[in-house]
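Student: Before I trust any labels, I'd like to go through them one by one. Can you show me the structure and tell me what earns each name?

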Amino acid sequence: MGNSAPDEPRPQSARAEALVEEFESSEKGWFWETGREGMLSYISDSVARALGREPADLLERPFTDLISSDSADGSAPSERTLGFYLSSHVAFQDLIVRAKTKNEVWWSLSGRPVHDEIGRFFGFRGFASDLTKMRQSEVELDRLARQDALTGLANRQALRRALDDALVSAVRRKHRCSMFLLDLDRFKAVNDTLGHPAGDTLLRLVALRLRDVIGKAGQVGRLGGDEFEIVLPNSSDKTELSGLAQGIIDSLSRPYTINGTAVSIGASIGIVTSDYDDRTSDDLMRDADLALYAAKAAGKGCFRFFEPEMHDAARDRQLMESDLRVALEKGQLRLVYQPCVDASSEDVTGFEALIRWDHPEHGPVSPVQFIPLAEEIGLINEIGEWVLRTACAEAANWPQNISVAVNLSPVQFKSPALPTMVRMVLSDTKLSAQRLELEITEGVFLSNDEHVHEMIHSLKAIGVKLALDDFGTGYSSLSYLQRVPFDKIKIDRSFVTGASDPQGRNAALIRAMVGLASDLKMQTTAEGVETQEELALVRSLGCSLVQGYIFGKPMPADDARDLAAKGSAALPEPLPAREARMRIIRAALLHYEGQVKGARLRNISSGGALVECREELPVGAQIKLDFAAGGHVDAEVRWTKGTQFGCQFKEKFDLKLLQPAAPATKATKVVTPNYLRSEDS
């Protein structure tokens, strides 16, 4: 009993030491103590191990030597640092600091000053907890919140912040920033043919190439799907941006290898540059989207800068969309019919139904404008059914030996309801299935092959005929000719154009197509035949049928009914000889939508020219040509084939401006022009 009283403090002290030791060994926290001058007099062994030091090495050293100057949030260090508290003898709690180590270590420090009975300052005592894992989790969560999970690029939210910051910096520093909006061309075809895992792999490869091209010049991110955004905070020079955009297109257009399969895609880019105004991120996104739309409309695989006029174009397009939605019910759509004639007997074998839109304010609207719009806004199935029903009802009035051809959009072809709709129309109009010919383009074969096979099988089971339209201008794989039981292939007019030129290769290509079709028991229709010379040529090459202005332009239903009753299409009187042209190879500058592109003239007449350009232009494009012959020449693109196009001059051009000083008769060759083709031929 005598020993119990003096020994009681010892077990209590030992128990406290054991608890401290157990707490420190858990690595969840530790204790520290400093003297009057801020020198460490005690620190847990676990801290020394974390710092890769011996505990004795840390004693009698300033506590602040263990702490980095980095702040917890990456911003500038606060004035209330550990050194401040230790020197001012002020208690503190949950001060987050980073340790001076190679590895990232974060602590939360708390401490209070220690005084004796009469108030003299002896130093600090405190404890700390390890925040490293929590900080790493926060950093990872922040990274995931800013990063696209598939590609590792910045996501939509991070891009928005980057663009906001770039705009603020541009205003403050009195400069301009820029933004690219990028969309992949033909990406959907990869998803449809190779599957979504291959599409995901392709997106990752695209992300790597974008990073390589952009480098440190800006922030690259993915908005979603196959749409990317690039924020360039310090770039606004148009020449520099053009070079960068073209570099991106060239890089992304190089082939990829995915699971042993070669894949080729492209990219279209819309470019917008900030001005010294109050435009917001939303304003720039809207303008970049308009520029991207213009790039796609120009044939894809190119870039366009935003121009204020694009707002007007977008507004016009919105109005056209609204008008198109009511055009059908208001009776503004109509069909015209172009005859298809037997190449030998010149008997009419059928008509192709072509849609027209007579706008009450703007007059005739080209199908090139409103059909893609109808596909985009989901009206094509409704319009397509009206076309089929109207054409079949009209064909029911013709002799039994004359058929009607109706074009199917690739969007219509994807609809599972198409075969049922065709059966209903044939039943309602009492038209024999054998008299209906459905024309599809090569674009439908870019979608899922199994669906295409099932759809064709269903349509053939009805008894209708199938024709492959515009053969040779699209996907151009011979494999589908082997798999698909087409009744006819239609040779695109771009091959008929200039086929009589002895130095060209069009005639040889037509001959090969005719031979292939003959072996597969298919008929061939030569489209766009306009002259006696072209008619004689396609006849000699073995084409079964002919369609073009030489036998008739698209005509109203009444005229088509009269021609069908007559049964044959008499040839018109021989057309007068067309204007002579010069065969020429001459460099030129092409001005289109604010862009200047390099081009090359291949031939020219007083009315138009055959031009070759690196980028494809749409039919109807308004251009200016500069070939050092007395200023710019205004022209309109009338037909295209790849990178070549034919254009019509707005005013007659004097060929003498191009002739050399020597007699022109020895320097030029006169041939028939091939630059002007109308839309309906």
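Tutor: Sure, and let's begin with a definition: a salt bridge is a side-chain nitrogen of Lys or Arg within 4 Å of a carboxyl oxygen of Asp or Glu. Keep in mind that this is a predicted model.

Student: What makes Lys597 and Glu615 a salt bridge?

Tutor: Their closest N and O atoms are 2.8 Å apart, and the cut-off is 4 Å, so the pair qualifies. The two residues sit in distant parts of the chain, 18 residues apart: Lys597 is in strand β23 (residues 595-605), and Glu615 is in the loop between β24 (608-613) and β25 (622-626).

Student: Are those two buried or exposed, and how do you know?

Tutor: Buried means under 20% relative accessible area. Lys597 has 9%, so Lys597 is buried. Glu615 has 14%, so Glu615 is buried too.

Student: Which residues make up the network around this pair?

Tutor: Arg304, Glu593, Lys597 and Glu615 are joined into one network by salt bridges that share partners. Arg304 belongs to strand β12 (residues 303-305). With a relative accessible area of 1%, Arg304 is under the 20% limit and therefore buried.

Student: Why is the link between the side chains of Arg304 and Glu593 called a polar contact?

Tutor: The distance is 3.2 Å, and a polar contact needs a pair of N or O atoms within 3.5 Å, so the label fits.

Student: What makes Arg334 and Asp358 a salt bridge?

Tutor: Same kind of reasoning. The side chains meet at 2.5 Å, N to O, and the limit is 4 Å, so they count. Arg334 lies in strand β13 (residues 333-342) and Asp358 in strand β14 (residues 348-359), so this salt bridge ties together parts that are 24 residues apart in sequence.

Student: Why are Arg334 and Asp358 called partly exposed?

Tutor: Partly exposed covers what falls between the buried limit of 20% and the exposed limit of 50%. Arg334 has 36% relative accessibility, so Arg334 lands in that range. Asp358, at 30%, does as well.

Student: How do you know that Arg539 and Glu346 tie together parts far along the sequence?

Tutor: Start with the salt bridge: their side chains meet at 2.6 Å, N to O. Arg539 lies in helix α21 (residues 532-540) and Glu346 in the loop between β13 and β14, so the pair ties together parts that are 193 residues apart in sequence. On accessibility, Arg539 has 33% and counts as partly exposed, while Glu346 has 18%, under the 20% limit, so Glu346 counts as buried.

Student: How many salt bridges does the structure hold?

Tutor: The structure holds 26 of them.

Student: On to the nonpolar residues. What makes something a member of the largest nonpolar core?

Tutor: A core is a set of buried residues of the nonpolar kinds, joined through side-chain atoms within 4.5 Å. The largest one has 81 residues, and Leu324, Phe351, Phe413, Val422, Leu436, Leu438 and Leu459 touch the most other members. Helix α14 (residues 380-395) gives the largest share, 7 residues. If you zoom in on Leu436, you'll find contacts with residues including Leu388, Cys392, Val404, Val422 and Val464.

Student: Which residues does the second core include?

Tutor: Among them are Ala198, Ala207, Ile258 and Phe305; this core has 32 residues and is separate.

Student: Now the sheet of 5 strands. Why are β2 and β3 called edge strands?

Tutor: The order is β2-β1-β5-β4-β3 in an open sheet with antiparallel pairing. Strands β2 (40-43) and β3 (92-98) each pair on one side only, and that earns them the name. From one strand to the next, the twist averages 25°.

Student: How do you know that β4 and β5 are paired?

Tutor: Two strands pair if there are at least two bridges between them. Strand β4 (residues 106-115) and strand β5 (residues 121-130) have 9, so they pair, and they run antiparallel. Leu109 has Ala128 in β5 as its bridge partner, and His115 stands opposite Phe121. The two strands form a hairpin with 5 residues between them, where Gly119 in the turn has a positive phi of about 90°.

Student: And what makes β1 and β5 a pair?

Tutor: They share 6 bridges against a minimum of two, so they pair as well, in the antiparallel sense. Gly29, for one, has Ser129 in β5 as its bridge partner.

Terms used:
Residues are numbered from 1 along each chain as its sequence is written. This is a predicted model: local features need pLDDT of at least 70, side-chain atom pairs count only at pLDDT 80 or more; totals for chains, interfaces and linings use all residues. Side-chain values use heavy atoms; hydrogens and water are left out. Helices (H or I, at least four residues) and strands (E, at least two) are DSSP runs, numbered from the N terminus. Buried means under 20% relative accessible area, exposed over 50%, partly exposed in between (1.4 Å probe, protein chains only). A polar contact is a pair of N or O atoms within 3.5 Å; within protein, one must be able to donate a hydrogen and the other to accept it, and residues adjacent in sequence count only if both atoms are side-chain atoms. Contact means heavy atoms within 4.5 Å. Axes are lines fitted to C-alpha atoms, for helices over the stretch in contact, and angles run from 0 to 180 degrees between N-to-C directions. Lists of a residue's contacts leave out its neighbours within four places in sequence.
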